[in-house]
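Welcome! Here are a few short exercises, each with a worked solution. Take a look at the sequence and the model, then try each task before reading on.

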Amino acid sequence: MWTHRHLLGIEELSVADIDAVLERAEKWHALSRQAGNKKASVLDGRTVVNLFFEASTRTRTSFEVAAQRLSADVVNVSPALSSVTKGESLLDTAKNIEAMRVDVLVVRHASSGAPAFLARRLDHARVVNAGDGAHEHPTQALLDAFIMKQRKGDLAGLVVAICGDIAHSRVARSNAILLGKKGAEVRLCAPRTLMPRHADELGATARVVPRLEEAVEGADVVMMLRVQHERLAGAMMSTTREYSRTFGLNAAMLARAKPDAIVMHPGPMNRNVELDTRIADSDRSVILDQVEAGVAVRMAVLDLLLGAQPS
Ligand code: CP
């Protein structure tokens with residue numbers, strides 16, 4: 001049974017919680033694929049507020065679509081056009097929005113722990129972490145798990161290579177934790193300067209593999225990550241061309257994976273840097289399926305947080 005008031009990270013979820021989200025998402029995925037009316041009334045009369053302090057295309061839009069599909073009202077607050085620009089704090093901003101009796105705040109912030117900080121201080125609004133610093137991006141890991149399960153079945157025993165800028169990636173962290181809980185083998189691959197010092201502590205089954213060839217060998221899933229230029233302090237990597245040559249996924253590299261291996265990327269991608277554009281657009285790529293699943297998984301999360309229970 002789902003008992004969480006907030007969704008702050010994969011770390012706090014049990015395997016049963018993860019399964020509950022994935023199972024509920026199947027129902028909403030089917031509804032979203034229906035021709036004609038795609039709406040359900042489970043969140044009728046509820047209000048969801050997107051409060052994104054960092055840029056987003058997929059997460060913000062899919063939370064908006066998800067909430068609307070469940071008949072909630074949605075408000076997008078843009079910090080650049082809000083009183084944050086006059087110096088209002090994160091907490092005051094959130095508390096003032098909560099005072100309007102909204103039900104959920106979906107928060108993206110550059111600081112790790114910002115959603116948890118708000119969850120501890122708000123009175124009644126639920127908080128969903130839509131990505132906080134290099135800490136967690138729980139709904140991304142859940143939607144990735146949804147696709148892996150859909151394409152590969154049971155996650156236990158699956159070999160998943162996560163490659164790229166691991167140091168700055170909340171996606172890598174949430175995925176490694178989730179996949180560890182579900183018993184998949186996780187290989188983390190990055191240039192030394194883009195690998196966190198304690199990466200092999202990310203989940204019970206995560207292992208650091210320095211070379212891309214070794215990480216991809218025999219993998220069921222190859223997940224490529226964007227180099228987060230905006231978070232790089234100084235020259236932590238060589239030229240883009242050299243990065244692409246050493247850590248980019250191209251056809252020759254993908255041939256080392258299982259013949260039916262799928263290629264994932266959370267987006268936004270740097271085409272021809274971490275991922276050859278021909279692979280990104282090939283039938284091995286499930287990148288747009290991930291985006292589609294994002295709506296269903298976020299519907300499931302909002303439904304579990306609010307649907308069956310009063311705030
Ligand atoms: N995957 C992801 O978080 O994408 P956005 O930054 O566009 O939301």
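A residue is called buried when its relative accessible area is under 20%, exposed when that area is over 50%, and partly exposed in between. Keep in mind that this is a predicted model.

**Exercise 1. Asn272: find its place, then decide whether Asn272 is buried, partly exposed or exposed.**

Step 1: Find the residue. Asn272 lies in the loop between E9 and H10.

Step 2: Compare its area with the cut-offs. The relative accessible area of Asn272 is 44%, so this residue is partly exposed.

Step 3: Look at the backbone. Phi of Asn272 is near 65 degrees, a positive value in a residue other than glycine. For context, most residues other than glycine have a negative phi.

**Exercise 2. Treat Ser71 in the same manner: is it buried or exposed?**

Step 1: Ser71 belongs to the loop between helix H2 (58-69) and strand E2 (73-77).

Step 2: Its relative accessibility is 19%, and because buried means under 20%, Ser71 counts as buried.

Step 3: Phi of Ser71 is positive too, near 75 degrees, and Ser71 is not a glycine.

**Exercise 3. Describe the setting of Ser111.**

Step 1: Ser111 is placed in the loop between strand E3 (104-109) and helix H4 (114-121).

Step 2: With a relative accessible area of 38%, Ser111 is partly exposed.

Step 3: Now look along the chain. Asp132 is 21 residues away from Ser111, yet their C-alpha atoms are separated by 5.6 Å.

**Exercise 4. Which residues surround the ligand, and which of them make polar contacts with its nitrogen atoms?**

Step 1: Locate the ligand. The ligand sits in the largest pocket.

Step 2: List the neighbours. Around the ligand are Ser56, Thr57, Arg58, Thr59, Arg108, His137, Gln140, Pro266 and Gly267. By class, this shell has 1 nonpolar, 6 polar and 2 charged residues.

Step 3: Check the distances. A ligand nitrogen is 3.0 Å from an N or O atom in the side chain of Gln140. A polar backbone atom of Pro266 is 2.8 Å from a ligand nitrogen, and for a polar backbone atom of Gly267 the distance is 3.3 Å.

Step 4: Consider the cover. Taken alone the ligand exposes 250 Å², and the protein buries 91% of that.

**Exercise 5. What is the geometry of the peptide bond from Gly267 to Pro268?**

Step 1: Pro268 is in the loop between strand E9 (262-264) and helix H10 (277-280).

Step 2: The bond from Gly267 to Pro268 has omega near -5 degrees and is cis. In general, most peptide bonds are trans.

Terms used:
Residues are numbered from 1 along each chain as its sequence is written. This is a predicted model: local features need pLDDT of at least 70, side-chain atom pairs count only at pLDDT 80 or more; totals for chains, interfaces and linings use all residues. Side-chain values use heavy atoms; hydrogens and water are left out. A residue is near a molecule or strand if one of its heavy atoms lies within 4 Å of it. A polar contact is a pair of N or O atoms within 3.5 Å; within protein, one must be able to donate a hydrogen and the other to accept it, and residues adjacent in sequence count only if both atoms are side-chain atoms. Accessible areas come from the Shrake-Rupley method with a 1.4 Å probe; for residues, only the protein chains shown count as cover. On a 1 Å grid over the protein atoms alone, a cavity is a set of points where a 1.4 Å probe fits but cannot get out, and a pocket is an open set with protein on both sides within 12 Å along at least five of seven lines; lining residues have an atom within 4 Å of a point. A molecule sits in a cavity or pocket if more than half of its atoms lie within 2 Å of its grid points. Ala, Val, Leu, Ile, Met, Phe, Trp, Tyr, Cys and Pro count as nonpolar, Asp, Glu, Lys and Arg as charged, and the others, Gly among them, as polar. Helices (H or I, at least four residues) and strands (E, at least two) are DSSP runs, numbered from the N terminus. Buried means under 20% relative accessible area, exposed over 50%, partly exposed in between (1.4 Å probe, protein chains only).
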